[in-house]
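Colleague: I should like to learn how to read a model of this kind. May we take the features one at a time?

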Number of protein chains: 2
Amino acid sequence: MTKKKLGTWRIDRQLVEQISRHAAFGRRRKFKKNAMLYEQGEVSTRFYFVLKGLVQISIFRADGSEVVLELMGPETVCGEGSAFDGLPRFSSAAAIEDTEAIEFDTSKMTEIFRAHPEFATSLLRVTSLKQRVVAIRLKHLASREPQDRIMELLTRLEEMFAIDHPKGRLLVTHVTHEQIATMTGTSRVTVTRTLQRLREQNRIDIVDGHILLKRRPNTS
Amino acid sequence: MTKKKLGTWRIDRQLVEQISRHAAFGRRRKFKKNAMLYEQGEVSTRFYFVLKGLVQISIFRADGSEVVLELMGPETVCGEGSAFDGLPRFSSAAAIEDTEAIEFDTSKMTEIFRAHPEFATSLLRVTSLKQRVVAIRLKHLASREPQDRIMELLTRLEEMFAIDHPKGRLLVTHVTHEQIATMTGTSRVTVTRTLQRLREQNRIDIVDGHILLKRRPNTS
DNA sequence: GCCATCTCGTATAGGGCGATACAGCCCGGA
DNA sequence: TCCGGGCTGTATCGCCCTATACGAGATGGC
């Protein structure tokens, strides 16, 4: 179990198959590490189904600071929001590893939907799932408590990237305190302190550099 | 200019027409004030296009506290997220005024899309727009500064519900400090103080109980 | 007209977070 | 092997937010 980098997002197998089945409507593209899939502000009808690699989705504030929304690994969809509503991209997507993806274009989609309505349903499921994840993040970010914000991230990572462990669930994703800080809108120091506190509260543990979420008798 | 209650959300005319055109696939329903359109946790394939009234969308935290996501007025869509992804509702929707809406059911949607692919495209635009709004809210909620959080809400309200005024834009929506507090995740006192500070900074003004966003020479 | 309720303004005390700085650790490269 | 950089753990300090409380003004019911 090396420190493999994974994303922060996953969709279920059935949905992945549905989308893969319609891959012929898009074209395969490769992105070198540090290349941009798309940039905040541009208008585009393209969206991506990631096959390999890792893509970081972030929003840049007016003052230049960055809010990392997600890390999208294989078998995830990104960029579909702005591709469908036709407004400027609200986020940027950068390949942080060499990445392969299928690029779809929404401009011909209506006609494709006529012959393949199930593809429309699949895409609606994708956008709905994203809406859900973002709304739930909102619920927790609405709290000003760093502990809430951080536990939300950890729980989300657990659902997607944890493996069973005698004491609970072990996150195979490796994230630094710094990354947690930018994803939760707190400072790096506070992340360190909060994780420390969670350890004292016996809610988490650190095993070989990975975070272990302990089985909790009382629900959070 | 009475204190008319309006929502916090609006979609463009073209999209409204597109959806109205397919109203026959749903059925008209009425909800009395305080009735629930749907409740957090339930599984349902129904979603709503509000025609009249006002619906409050909120998420309840484990400790019982409420985060108000949106106030949906006429010509808005709600509930489509959980209706399409098939997972339990992550939010509740309560009519806070007598409300009329068209209730759609996603279970037969794939077949409808075959004959009306443009309806699928419209719905994708709706979900995409929602994703956008929530993501942008996330960007601001990621900040712990109350001023960021509150200005974000005001700016959003401005785009949707402001009228021109010699000095800037006047919000016709009336919101109490308390409501702003629950929507931005701060305390009522802080809202009062922050609005005070914004007034001193000459960024806003209060006119007849309504908030006026002053024309700003330098963009925020 | 009177009182209850809601909203807004303001004060105080306490705590926790941000900024900053620094030390120890691990790991990879020269 | 040694060095440098990134990551983690702490410490200090100042500031601002939360909780709480109270009063004034507006509003609405009776």
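Modeller: Let us start with a term. A nonpolar core is a set of buried Ala, Val, Leu, Ile, Met, Phe, Trp, Tyr and Cys residues joined through side-chain atoms within 4.5 Å. Please keep in mind that this is a predicted model.

Colleague: Which residues touch the most other members of the largest nonpolar core?

Modeller: In soluble globular proteins, nonpolar side chains tend to be buried together. Here the largest such core has 40 residues, and Met109(A), Phe113(A), Met109(B) and Phe113(B) touch the most other members. A separate core of 38 residues lies apart from it, including Ala135(A), Val50(B), Ile57(B) and Ala95(B).

Colleague: What does Phe113(B) touch, leaving aside residues up to four places away in sequence?

Modeller: In chain A, Phe113(B) touches Phe113(A), Arg114(A), Pro117(A), Ala120(A), Thr121(A) and Leu124(A). In chain B, the residues touched by Phe113(B) are Phe84(B), Phe119(B), Ala120(B) and Leu123(B).

Colleague: How should I read the relation between chain A and chain B?

Modeller: Two copies of a chain are related by a rotation about an axis and a shift along it. In this case, a rotation of 180 degrees with a shift of 0.1 Å along its axis superposes chain B on chain A, with an RMSD of 0.1 Å. The two copies are therefore related as by a two-fold rotation axis. Both copies use the same surface, as 100% of the contact residues of chain B recur in chain A.

Colleague: Which residues are the closest to DNA strand D?

Modeller: DNA strand D is surrounded by 15 residues, and the closest are Arg144(A), His177(A), Arg188(A), Thr190(B) and Arg193(B). By type, the residues of this surface divide into three nonpolar, seven polar and five charged.

Colleague: Where do individual side chains approach the strand?

Modeller: For Arg188(A), a side-chain N or O atom is 3.0 Å from a base oxygen of DNA strand D. Phosphate oxygens of DNA strand D lie 3.4 Å from a polar side-chain atom of Gln196(A) and 2.2 Å from one of Thr190(B). The elements giving two or more residues to this surface are helix H7 (188–200) of chain A and helix H7 (188–200) of chain B. H7(B) supplies the largest share, five residues.

Colleague: Is Gly209(B) buried, partly exposed or exposed?

Modeller: Gly209(B) counts as partly exposed because its relative accessibility is 38%, and partly exposed covers the range between under 20% and over 50%. Gly209(B) sits in the loop between strand S11 (204–207) and strand S12 (210–214) of chain B.

Note on methods. Residues are numbered from 1 along each chain as its sequence is written. Chains are lettered from A and ligands numbered from 1 in the order in which they are written. This is a predicted model: local features need pLDDT of at least 70, side-chain atom pairs count only at pLDDT 80 or more; totals for chains, interfaces and linings use all residues. Side-chain values use heavy atoms; hydrogens and water are left out. Buried means under 20% relative accessible area, exposed over 50%, partly exposed in between (1.4 Å probe, protein chains only). Contact means heavy atoms within 4.5 Å. Copies are superposed by least squares on the C-alpha atoms of residues with pLDDT of at least 70 in both. Helices (H or I, at least four residues) and strands (E, at least two) are DSSP runs, numbered from the N terminus. A residue is near a molecule or strand if one of its heavy atoms lies within 4 Å of it. A polar contact is a pair of N or O atoms within 3.5 Å; within protein, one must be able to donate a hydrogen and the other to accept it, and residues adjacent in sequence count only if both atoms are side-chain atoms. Ala, Val, Leu, Ile, Met, Phe, Trp, Tyr, Cys and Pro count as nonpolar, Asp, Glu, Lys and Arg as charged, and the others, Gly among them, as polar.
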